[in-house]
Amino acid sequence: MLLEHNDRVLIAQRPAGKHLAGWWEFPGGKLEAGEDAATALHRELDEELGCCIEVIAALPACPHRYETVSIVLHPLVARLTPDSPAPSPHEHAALDWLPVEQLDTVPLAAADLPVLAAYRTWLRQGRPST
Ligand SMILES: Nc1nc2c([nH]c(=O)n2[C@H]2C[C@H](O)[C@@H](COP(=O)(O)OP(=O)(O)OP(=O)(O)O)O2)c(=O)[nH]1
Ligand SMILES: [Mg+2]
């Protein structure tokens with residue numbers, strides 16, 4: 001999920017001991033059986049960050065094949081609800097808020113590069129809601 005706040009986007013560093021440890025990602029996680037992307041996102045954010053969000057738009061799905069696993073990311077653009085607590089890193093090594101122009105200055109997980117491209121396209125198109 002691309003969580004926007006004050007013209008910045010939240011990124012999270014994956015913790016030691018997991019796939020892609022040390023790499024940065026957009027918070028979120030796997031769908032559990034029967035969940036749609038929005039339901040999974042709200043659950044994961046509660047677990048990972050302790051914050052509440054509102055979805056603004058859904059971007060096109062981004063499949064990626066790592067050596068050990070293949071994934072499909074379903075990127076959503078979101079904002080914090082007005083009364084949400086600030087995100088805190090319950091499961092990540094660190095969090096950071098970056099302006100969109102700086103998102104390619106950190107080591108993002110390879111699967112996130114097409115996500116970033118789709119987000120920039122969406123911004124250029126005038127942020128259409130879906
Ligand atoms: N959540 C998330 N996962 C990503 C991104 N980019 C990327 O390559 N991944 C990979 C990392 C994992 O291999 C996989 C799904 O991650 P996940 O958050 O559901 O699971 P996880 O590895 O953190 O472990 P767990 O929650 O099952 O304990 O997708 C991203 O931007 N966000
Ligand atoms: Mg996760």
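Two strands are said to pair if DSSP finds at least two bridges between them. In this predicted model, that criterion is met by strand 4 (residues 53–58) and strand 7, which run antiparallel and are joined by five bridges. Within this pairing, Ile53 stands opposite Leu80 of strand 7.

Strand 7 also has a partner in strand 1, with which it pairs in the parallel sense over three bridges. Here the residue of strand 7 that stands opposite Leu3 is Ala78. Four of the five residues of strand 7 are buried, so the strand is largely enclosed by the rest of the structure.

The largest nonpolar core involves several of these residues. It comprises 23 residues, of which Met1, Leu2, Leu3, Val9, Ile11, Val77 and Ala78 touch the most other members. Two or more residues of this core are contributed by each of strand 1 (2–5), strand 2 (8–13), helix 1 (37–48), strand 7 (76–80) and helix 2 (112–124). In soluble globular proteins, nonpolar side chains tend to be buried together. The contacts of Met1 illustrate the packing: beyond its neighbours within four places in sequence, Met1 is in contact with Phe26, Pro27, Gly28, Leu41, Pro75, Leu76 and Ala78.

The loop between strand 1 and strand 2 presents another setting. Asn6 is placed in this loop, and Asp7 is found there as well. Most residues other than glycine have a negative phi. Asn6, however, has a positive phi near 50°, and the phi of Asp7 is also positive, at about 65°. Asn6 counts as exposed because 7 other C-beta atoms lie within 10 Å, and Asp7 is exposed with 8 such atoms within 10 Å.

After the loop comes Arg8, which lies in strand 2. With 15 other C-beta atoms within 10 Å, Arg8 is partly exposed. When residues up to four places away in sequence are not counted, Arg8 touches Trp97, Leu98 and Pro99. Its C-alpha atom is separated by 9.5 Å from that of Gln102, although the two residues are 94 residues apart along the chain.

Ala94 offers a further view of the chain. This residue lies in strand 8 (residues 94–98), and it counts as exposed because it has 12 C-beta neighbours inside 10 Å, the limit for that class being 12 or fewer. Apart from neighbours within four places in sequence, Ala94 is in contact with Gln13 and Pro89. Ala94 and Thr121 are 27 residues apart in sequence, and their C-alpha atoms are 27 Å apart in space.

A separate pairing links strand 5 (residues 62–65) with strand 6 (residues 70–73), in the antiparallel sense and over four bridges. These two strands form a hairpin with four residues between them. Within the hairpin, Pro63 has Val72 of strand 6 as its bridge partner.

Ligand 1 is surrounded by 14 residues, among which Glu25, Gly29, Lys30, Ala109 and Ala111 come nearest. By class, the shell consists of seven nonpolar, three polar and four charged residues.

Finally, the UniProt record, an unreviewed entry, places the feature "domain: Nudix hydrolase" at residues 1–121. Over that range the chain is 18% helix and 30% strand, and the C-alpha atoms at its ends are 16 Å apart.

Terms used
Residues are numbered from 1 along each chain as its sequence is written. Chains are lettered from A and ligands numbered from 1 in the order in which they are written. This is a predicted model: local features need pLDDT of at least 70, side-chain atom pairs count only at pLDDT 80 or more; totals for chains, interfaces and linings use all residues. A residue is near a molecule or strand if its C-beta atom, placed from the backbone, lies within 6 Å of it. Ala, Val, Leu, Ile, Met, Phe, Trp, Tyr, Cys and Pro count as nonpolar, Asp, Glu, Lys and Arg as charged, and the others, Gly among them, as polar. A residue is buried if 20 or more other C-beta atoms lie within 10 Å of its own, exposed if 12 or fewer, and partly exposed in between; C-beta atoms are placed from the backbone. Two residues are in contact if their C-beta atoms, placed from the backbone, lie within 7 Å. A nonpolar core is a set of buried Ala, Val, Leu, Ile, Met, Phe, Trp, Tyr and Cys residues joined through C-beta atoms within 7 Å. UniProt positions are given in the numbering used here, feature names are shortened, and annotations may be inferred rather than shown by experiment.
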